Amino acid sequence: MPRRSILLFAAACIVIAATLAVITVVVVTSREQAAVEASGGATGTAQVGGPFQLVDQDGRAVDQTLLDGKWSLVFFGFTYCPDYCPTTLNGLAATKAQMGEAAKDLQIVFISVDPARDTPQALKDYLASDGFPEGVIGLTGTPEQVAAAAKAYRAFYEKVGEGDAYTMNHSLTVYLMGPDGRFRSALAHDLGPERSAQLIERVMKRG
């Protein structure tokens, strides 16, 4: 093959690879934010949230009434998560610090997508880690209960790998729920504590 043809072929391959990479990023991002706006400016009309039956880190059976009377930040993760979950919990601690007194009626609810390993005691030990917000409510349950809760919140998760070394892929969105237990808005995973605090306070003022 002539040198010019080889160079043209190589250039075409590079263009195709770059295009596929861009498409992949767009698809993943769209999937992640399908039910919410990336800026967190959702209006509360989306069908996010609903009934669930789970168990908290103290072994008590709880349901969706756990959200009644308080503003809640709900997100899905697991205790073996190497990056997103601890980063999110640390970020939410910083967000509450930014809000000051306005955060007094804001609770954080962490729902495990890994019920096989995340027993109530495992959640309790994990949420006691330094740097995490105080008072986080950890929830787990049977695989069927967790799947029902995730479906209600349109949260995606899947098991990856086999044996003890498996991990879990899962959605990155944090859901802001009102004192009536209804969805108000969402916090994109890369919003940051300052912008997250501003968003939450703005939504709180709207009621």
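1. Which residues does Q57 touch, not counting residues up to four places away in sequence? In this predicted model, the residues that Q57 touches under that restriction are P120, Q121, L123, K124, L127, V136, I137 and G138.

2. As to its setting, Q57 is found in the loop that runs between β1 (53–56) and β2 (61–63). Although it is a loop residue, Q57 has a relative accessible area of 13% and is therefore buried, the cut-off being under 20%.

3. Two of the residues touched by Q57, V136 and G138, also deserve a comment for their polar atoms. A polar atom of the Q57 side chain lies 2.9 Å from the backbone oxygen of V136, and the side chain of Q57 also reaches the backbone nitrogen of G138, at 2.9 Å.

4. A separate point concerns helix α4, which spans residues 143–152 and whose buried residues are V146, A149, A150 and A152. These residues lie on the same side of α4, because the arc that they cover around the axis is only 160 degrees. On the other side of the helix, by contrast, P143, E144 and K151 are exposed.

5. The packing partners of α4 should be read together with this division: its buried residues pack against the strands β1, β3 (71–77), β4 (106–112), β5 (137–140) and β6 (157–160). Among these strands is β1, after which comes the loop that holds Q57.

6. Finally, a backbone detail may be checked beyond the end of the helix, where α4 is followed by R154, a residue whose phi is positive, near 55 degrees.

Key: Residues numbered from 1 in each chain as written. Predicted model: local features only at pLDDT ≥ 70, side-chain atom pairs only at ≥ 80, totals over all residues. Heavy atoms only, no water. Helix = DSSP H or I, 4+ residues; strand = E, 2+ residues; numbered from the N terminus. Buried < 20%, exposed > 50% of the residue type's maximum accessible area, 1.4 Å probe, protein only. Polar contact = N/O pair within 3.5 Å; in protein donor to acceptor, adjacent residues only side chain to side chain. Contact = heavy atoms within 4.5 Å. Arc of directions from axis to C-beta.
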